Amino acid sequence: MAERNLYVPRVNQIDAIYLNKDITRLIRDNLLENLQNISPILFAKIQPELDLLVQSAIWFGSVGKQCSTFGQQLLVVSYKSEQLTISRLCLHFILTILPGYFKNVNERRIIIRAEYVHQIIEWGQNVALLFSVLNFFRFLKTGRRPTVVDFLLGLDYISLRHNQRRDIGYKYLTRELLWGGFMELLGHLLPIINFRKIQRVFNFSLNIINLTNFKAKPLPLIDEREVKLKTNTTCTYCSERPSIPHTMGCCHIYCYYCLSANIETDENFCCIECGTSPLNGIHKL
């Protein structure tokens with residue numbers, strides 16, 4: 001028989017809560033996703049009830065049967081079985097499962113002439129959040145009953161193993177530190193890289209056969225009346241409907257923001273279709 005210890009480190013209790021949330025989310029999301037694929041319309045109608053059913057099954061398979069959540073079982077932690085009387089089990093189910101159901105119903109089903117119901121639920125959520133914050137500070141001081149439900153029902157954690165040594169794996173921590181340093185480096189480098197110039201050079205390389213067409217030299221201006229904006233005209237750069245259409249002196253039409261941004265960031269920018277240089281300025285249609 002496993003040896004019990006009344007002392008459970010605070011970090012183990014917090015880890016048990018987060019593990020329980022993650023395990024519940026994985027089980028619920030996988031089941032509900034499969035049900036949604038079978039009949040999306042029916043799923044949308046009964047989603048709160050399905051979520052309640054799954055949450056209830058998880059509760060009965062963990063706390064109701066083993067006197068501990070799945071997260072607690074992974075850390076060899078449990079509630080005191082003598083504290084989990086029938087009345088406390090019923091209250092634990094009501095306080096942990098039913099609020100989520102009422103929240104889903106309130107968010108997914110708009111009940112006409114029941115605005116006071118929405119206000120009551122919102123008020124209850126705010127009060128629960130306030131109590132949760134206050135209880136967390138109390139837990140940091142006492143090291144007991146980390147959740148509001150545990151505090152209200154007077155439920156304590158016990159460890160099912162005598163050895164309280166907490167093993168720490170540094171492999172994950174090292175990987176996270178390296179990844180965090182890499183992301184910080186990218187945050188400093190990306191703003192100073194001129195991607196528009198790189199894109200121009202890349203496009204130039206792809207069209208190396210027509211190199212002479214891409215020389216940045218002033219070309220004779222085309223009469224603006226010859227450039228016609230049609231219903232199906234798109235910006236040469238972004239392929240969307242031109243916003244404040246402009247030209248570079250050729251027959252190709254650009255959005256003003258696409259054209260001005262490219263010229264501002266790349267002084268050698270030229271028309272990506274014909275190679276016309278903007279040395280003669282840009283012109284509004």
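Here is a friendly conversation about a predicted model, told in questions and answers.

Visitor: Let's start with the overall make-up. How many helices and strands are there in the chain?
Guide: Welcome! Of the 285 residues in the chain, 31% are buried. As for secondary structure, the chain holds ten helices and five strands.

Visitor: What share of the contacts between residues at least 6 apart in sequence join residues at least 24 apart?
Guide: Happy to help with that one. The pairs that enter the count are residues at least 6 apart in sequence. Among these contacts, the share that joins residues at least 24 apart is 60%.

Visitor: And the surface: what percentage of it belongs to carbon and sulfur atoms?
Guide: The accessible surface of the chain amounts to about 19,400 Å². The part of that area belonging to carbon and sulfur atoms is 62%.

Visitor: Which strands are the edge strands of the open sheet?
Guide: Three strands make up this open sheet, with antiparallel pairing and the order 4-3-5. An edge strand here pairs on one side only, and that description fits strand 4 (253–255) and strand 5 (283–284).

Visitor: Which helix packs on that sheet?
Guide: Look for the helix that touches strand 3 and strand 4. Its direction makes about 85° with that of strand 4. Residues 256–265 form this element, helix 10.

Visitor: Let me zoom in on strand 3. Which residue does T247 stand opposite?
Guide: Strand 3 covers residues 245–247 and pairs with strand 5 in the antiparallel sense, over two bridges. In strand 5, the residue opposite T247 is H283.

Visitor: Which elements give two or more residues to the nonpolar patch?
Guide: The patch has an area of about 660 Å² and is made by L185, L189, L190, I192, I193, F195 and I198. One of these, L190, sits in the loop between helix 8 and helix 9. The elements that each supply two or more residues are helix 8 (170–189) and helix 9 (195–206).

Visitor: Why does L190 count as partly exposed?
Guide: Partly exposed residues fall between the buried limit of under 20% and the exposed limit of over 50%. L190 counts as partly exposed because its relative accessibility is 42%.

Visitor: Now for charges. Where do D22 and R25 lie?
Guide: These two form a salt bridge, with 3.8 Å between the closest N and O atoms. D22 is partly exposed at 37% relative accessible area, and R25 is partly exposed at 38%. They are three residues apart, about one turn of the helix, and the element that holds both is helix 1 (residues 10–38).

Visitor: Which residues are linked in a network of salt bridges?
Guide: Part of the network is the salt bridge between D29 and R28, whose closest N and O atoms are 3.8 Å apart. D29 is partly exposed at 35% relative accessibility, while R28 is partly exposed with a relative accessible area of 22%. The linked residues are R28, D29 and D51.

Visitor: Are D156 and R145 buried or exposed?
Guide: Their side chains meet in a salt bridge, 2.9 Å from N to O. The pair links distant parts of the chain, eleven residues apart: D156 is in the loop between helix 7 (148–153) and strand 2 (157–159), and R145 is in the loop between helix 6 (115–142) and helix 7. Both D156 and R145 are buried.

Visitor: Last one: how many salt bridges does the count come to?
Guide: We have already visited several, including D22 with R25 and D156 with R145. The count comes to five.

Technical notes
Residues are numbered from 1 along each chain as its sequence is written. This is a predicted model: local features need pLDDT of at least 70, side-chain atom pairs count only at pLDDT 80 or more; totals for chains, interfaces and linings use all residues. Side-chain values use heavy atoms; hydrogens and water are left out. Helices (H or I, at least four residues) and strands (E, at least two) are DSSP runs, numbered from the N terminus. Buried means under 20% relative accessible area, exposed over 50%, partly exposed in between (1.4 Å probe, protein chains only). Contact means heavy atoms within 4.5 Å. Accessible areas come from the Shrake-Rupley method with a 1.4 Å probe; for residues, only the protein chains shown count as cover. Two strands pair if DSSP finds at least two bridges between them. Axes are lines fitted to C-alpha atoms, for helices over the stretch in contact, and angles run from 0 to 180 degrees between N-to-C directions. Patches are made of residues with over 30% relative accessible area and no salt bridge: like charges are joined within 9 Å, nonpolar side chains (Val, Leu, Ile, Met, Phe, Trp, Tyr) within 5 Å. A salt bridge is a side-chain nitrogen of Lys or Arg within 4 Å of a carboxyl oxygen of Asp or Glu.
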